[in-house]
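I am keeping short notes on what I looked up in this model. The entries follow the order in which I went through it.

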Amino acid sequence: MKNLDTENIEKVFEKVVGSPEWGLLQSYFNKNKNIYLAGNGGNSAIADHGAIDMTRHTDKNINCAGSAVLATSIINDVGYEKWTSQWLEFALRGRDNSDCMFVGISASGTSKNLLDALDYCETNSICSALITAKPLETKRTYSTVVVLGVEYYHTAEVLSLMLMYQLIIGSGFDCPKI
């Protein structure tokens, strides 16, 4: 039987958490009260799962674009590439953006809707970050891009979920034992 290649996930995790980019993402997470998470496909599930546990185990207001009903209604109105930034615009309505942060999760780093959301954040002075398996293939630059440096979707997704828990722990809260 062939074993799953996990790409030395624990060593990759330690490398990512020790990186300056992760340090910046963690500091943004620590200082902001309102956190918005989004991803596509499996990474949408990771973002949703992370949002639930962050809500349960921190004092932060966590929101995730996890509803297919919401996503498809916005996609129908503005198109796929703009739906996440439109969701952010709706979610941030009437809020002071000074304590808000957006985190996108994209294995490929090419998710146009998440890159558009990062652009929206840059334009509106909202802290933002992207967790991605691969370096971005765009001329655009963003303040915080955490590159996992892995080859497989399954490794990127498991690492991304681990990093959601690291954000909890890194902000001074605890994750409960079973």
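Entry 1, a charge over a ring. I looked up Lys60 in this predicted model. The charged end of Lys60 sits over the ring of Phe29, and it is 5.1 Å from the centre of that ring.

Entry 2, the aromatic pair. I searched the whole structure for aromatic pairs and found one. The partners are Tyr36 and Trp87, with ring centres 6.0 Å apart. Their planes stand at 70°, and an angle over 60 degrees counts as edge-to-face, so I wrote the pair down as edge-to-face. I then asked which parts of the chain this pair ties together. Tyr36 belongs to strand 1 and Trp87 to helix 5, residues 83-92, so the pair links parts that are 51 residues apart in sequence. I also checked whether each partner is buried or exposed. Tyr36 has a relative accessibility of 1% and counts as buried. Trp87 is buried as well, with a relative accessible area of 5%.

Entry 3, the nonpolar cores. I noted first that nonpolar side chains in soluble globular proteins tend to be buried together. Here the largest nonpolar core has 33 residues. Leu37, Met101, Ile131 and Met164 are the residues with the most contacts inside this core. I listed the elements that each supply at least two of its residues: helix 1 (9-17), helix 2 (20-31), strand 1 (34-39), helix 3 (42-57), strand 3 (100-106), strand 4 (127-132) and helix 7 (153-170). Helix 7 gives the largest share of this core, seven residues. There is also a second, separate core of 21 residues, and Tyr36, Leu88, Leu115 and Ala117 are among them.

I took Met101 as an example and looked up what it touches, leaving out residues up to four places away in sequence. Its contacts include Leu25, Tyr28 and Phe29, and also Ile35 and Tyr36. Further on in the chain, Met101 touches Ile126, Cys127 and Ala129.

Entry 4, the two sides of helix 1. Which residues of helix 1 are buried? I found Ile9, Val12, Phe13 and Val16. Seen down the helix axis, these buried residues fall within an arc of 105°, so they line one face of helix 1. The face turned away from this buried side carries the exposed residues Glu10, Lys11 and Lys15. I then looked up what covers the buried residues of helix 1, and the cover includes helix 2, strand 5 (145-147) and helix 7.

Entry 5, a buried aspartate. I looked up Asp53, which lies in helix 3. Its relative accessible area is 7%, and under 20% means buried, so Asp53 is a buried residue. Asp53 touches Tyr165 and Ile168, not counting residues up to four places away in sequence.

Entry 6, positive phi values. Most residues other than glycine have a negative phi. I noted two residues with a positive value, starting with Glu7, which has a phi of about 55° although it is not a glycine. Asn8 is also not a glycine, and its phi is near 55°. Glu7 is placed in the segment before helix 1, and so is Asn8. I asked of each whether it is buried or exposed. Glu7 is buried, with a relative accessible area of 16%, whereas Asn8 is exposed, with a relative accessible area of 55%.

Methods:
Residues numbered from 1 in each chain as written. Predicted model: local features only at pLDDT ≥ 70, side-chain atom pairs only at ≥ 80, totals over all residues. Heavy atoms only, no water. Core = buried A, V, L, I, M, F, W, Y, C linked by side-chain atoms within 4.5 Å. Buried < 20%, exposed > 50% of the residue type's maximum accessible area, 1.4 Å probe, protein only. Helix = DSSP H or I, 4+ residues; strand = E, 2+ residues; numbered from the N terminus. Contact = heavy atoms within 4.5 Å. Arc of directions from axis to C-beta. Phe/Tyr/Trp six-rings, centres within 6.5 Å; stacked < 30°, edge-to-face > 60°. Lys NZ or Arg CZ within 6 Å of the ring centre and 35° of its normal.
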